[in-house]
Each structure stands twice: as structure tokens, then as C-alpha cells.
Amino acid sequence: MIKNILVLCTGNSCRSQMAHGYLNLLANEKAKIYSAGIETHGLNPGAVAIMKEDNIDITSHTSNNVEEYKTINFDFIITVCDHANENCPFIPSENALRLHHNFFDPSKVVGTDTEKHAAFLKAREEIKDYCTDFVERYL
């Protein structure tokens with residue numbers, strides 16, 4: 001049976017989008033991946049660029065509000081930042097396994113292009129490792 005997975009962050013622009021991209025790739029046909037925010041900030045260009053470097057195109061993703069998915073029964077809800085974990089509205093998926101991991105936020109880094117790139121690369125690799133482990137463990 002195909003699992004429904006929701007990846008939740010504050011603005012659904014960066015970390016949740018990267019996780020969405022990796023889970024889409026790694027879960028293959030085993031799951032339908034959704035990502036959302038408690039707000040919507042649009043796709044972060046740094047996230048798009050760093051994923052492209054790993055041959056994953058997230059340009060077709062949209063920035064969605066979690067309220068759009070309240071009728072979907074999720075099997076897994078993964079929060080990828082403390083703010084979303086603490087401020088998330090109630091999601092009525094009573095059987096969902098709720099997981100939390102506070103990933104480093106590269107969008108907050110101020111510095112040179114090289115420093116910003118390094119920040120996005122660090123976050124991407126953390127997220128990639130987490131998603132790989134998640135798929136091996138739960139799917």
C-alpha cells in the first residue's frame with residue numbers, strides 16, 4: 001500500500017522542499033510525498049540550485065500551506081524545523097507516525113556566495129542522509 005508522507009516546515013521554501021525532492025526519488029513508488037509550511041514563502045532559489053547540483057529538479061514544486069492537506073490521511077508527518085514542530089496546527093491524521101528533526105537552516109546564513117553555497121550544501125547533505133535512513137527504516 002502506498003504511504004502518504006507530509007514534510008512540514010515554517011515556509012515550505014527550503015528544507016521541506018529538499019526533503020520532498022529526496023523522498024520522491026528514494027521512496028519511488030512506495031509513497032506519495034507532500035510538503036507544506038505553516039506559512040508559504042515560495043521556493044528558495046538556493047534550495048533549487050543545490051538540489052540541481054545533485055541532479056534533482058524541484059522547480060515544479062509549489063509552496064503549499066498545511067491547511068490545503070487537512071483532508072489527507074497521512075502515514076508519516078515529518079517536521080524539519082523546531083518552529084514548525086512547536087507551532088504546527090492540528091493535523092487530523094490519527095494514525096500518523098510523527099517524526100521531528102531540526103535541520104540546519106541555510107536560508108538564514110549571511111555571507112559570501114561561497115559561504116551561502118556551503119550552508120546549502122551542508123543542509124542538503126543532512127537532509128539527504130535523513131531521507132535515505134527514513135526510507136530504509138520505514139518503507
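Which residue in E2 is the bridge partner of Ile5? The partner is Ile33, and the legends below, which describe close-up views of a predicted model, start from this pair of strands.

**View 1. Strands E1 and E2 lie side by side in the parallel sense.**
Strand E1 covers residues 3-9 and strand E2 covers residues 31-37, and seven bridges join the two. Among the residues that face each other across these strands are Ile5 and Ile33, as well as Val7, whose bridge partner in E2 is Ser35. Strand E1 is mostly covered, since six of its seven residues are buried. To pass from E1 to E2 the chain goes through helix H1, which spans residues 15-27, and the resulting β-α-β crossover is right-handed.

**View 2. Four strands form an open sheet with parallel pairing.**
Read across the sheet, the order of the strands is E2-E1-E3-E4. E2 and strand E4 (97-100) stand at the edges with a single partner strand each, and therefore one side of each has no neighbour in the sheet. From one strand to the next, the twist averages 20°. Helix H1 packs on this sheet, where it touches E1, E2 and E3, and the direction of H1 makes about 180° with that of E2. Within the sheet, E1 also runs parallel to strand E3 (residues 76-79), to which it is joined by four bridges. At one place along this pairing, Leu8 stands opposite Thr79 in E3.

**View 3. Ile33 is a buried residue of strand E2.**
The position of Ile33 is in strand E2, and the residue counts as buried because its relative accessible area is 7%, which is under the 20% cut-off. When residues up to four places away in sequence are not counted, Ile33 touches Ile5, Val7, His20, Leu23, Asn24 and Ala27. For a sense of distance along the chain and through space, Ile33 and Met1 are 32 residues apart in sequence, while their C-alpha atoms are 14 Å apart.

**View 4. Thr10 and Asn12 belong to the loop between E1 and H1.**
Thr10 is found in this loop and counts as buried at 14% relative accessibility. If its neighbours within four places in sequence are left aside, Thr10 is in contact with Gly37, Ile38, Glu39, His41, Cys81, His83 and Ala84. Asn12 also lies in the loop between E1 and H1, and with a relative accessible area of 0% this residue is buried. Its backbone deserves a careful look, for Asn12 has a positive phi of about 50° although it is not a glycine. Most residues other than glycine have a negative phi.

**View 5. Asn28, in the loop between H1 and E2, has a positive phi.**
Is Asn28, at 54% relative accessibility, buried or exposed? Asn28 counts as exposed, because this value of 54% is over the 50% cut-off. The loop that holds Asn28 lies between H1 and E2, and the phi of Asn28 is near 55°, a positive value in a residue other than glycine.

**View 6. Helices H2 and H4 cross at roughly 65°.**
Two packed helices are described by the angle between their axes and the distance between the axes. Here the axes of helix H2 (residues 45-52) and helix H4 (residues 113-138) come within 10 Å and cross at roughly 65°, which means that H2 is roughly perpendicular to H4. The crossing of these two helices, H2 and H4, is right-handed. Where they meet, Gly46, Ala47, Ile50 and Met51 are the residues from H2, and His117, Phe120, Leu121 and Arg124 are those from H4.

**View 7. Lys122 is a partly exposed residue of helix H4.**
The residue shown here, Lys122, is found in helix H4, and at 43% relative accessibility Lys122 counts as partly exposed. Between Lys122 and Glu68 there is a separation of 54 residues in sequence and of 30 Å in space, taken from C-alpha to C-alpha.

Terms used
Residues numbered from 1 in each chain as written. Predicted model: local features only at pLDDT ≥ 70, side-chain atom pairs only at ≥ 80, totals over all residues. Heavy atoms only, no water. Buried < 20%, exposed > 50% of the residue type's maximum accessible area, 1.4 Å probe, protein only. Pairing = 2+ DSSP bridges. Right-handed = clockwise from strand over helix to strand, strands pointing away. Contact = heavy atoms within 4.5 Å. Axes fitted to C-alpha atoms, helices over the stretch in contact; angles between N-to-C directions. Parallel < 35°, antiparallel > 145°, perpendicular 65-115°, else oblique. Left-handed = near helix turned anticlockwise from the far one by under 90°.
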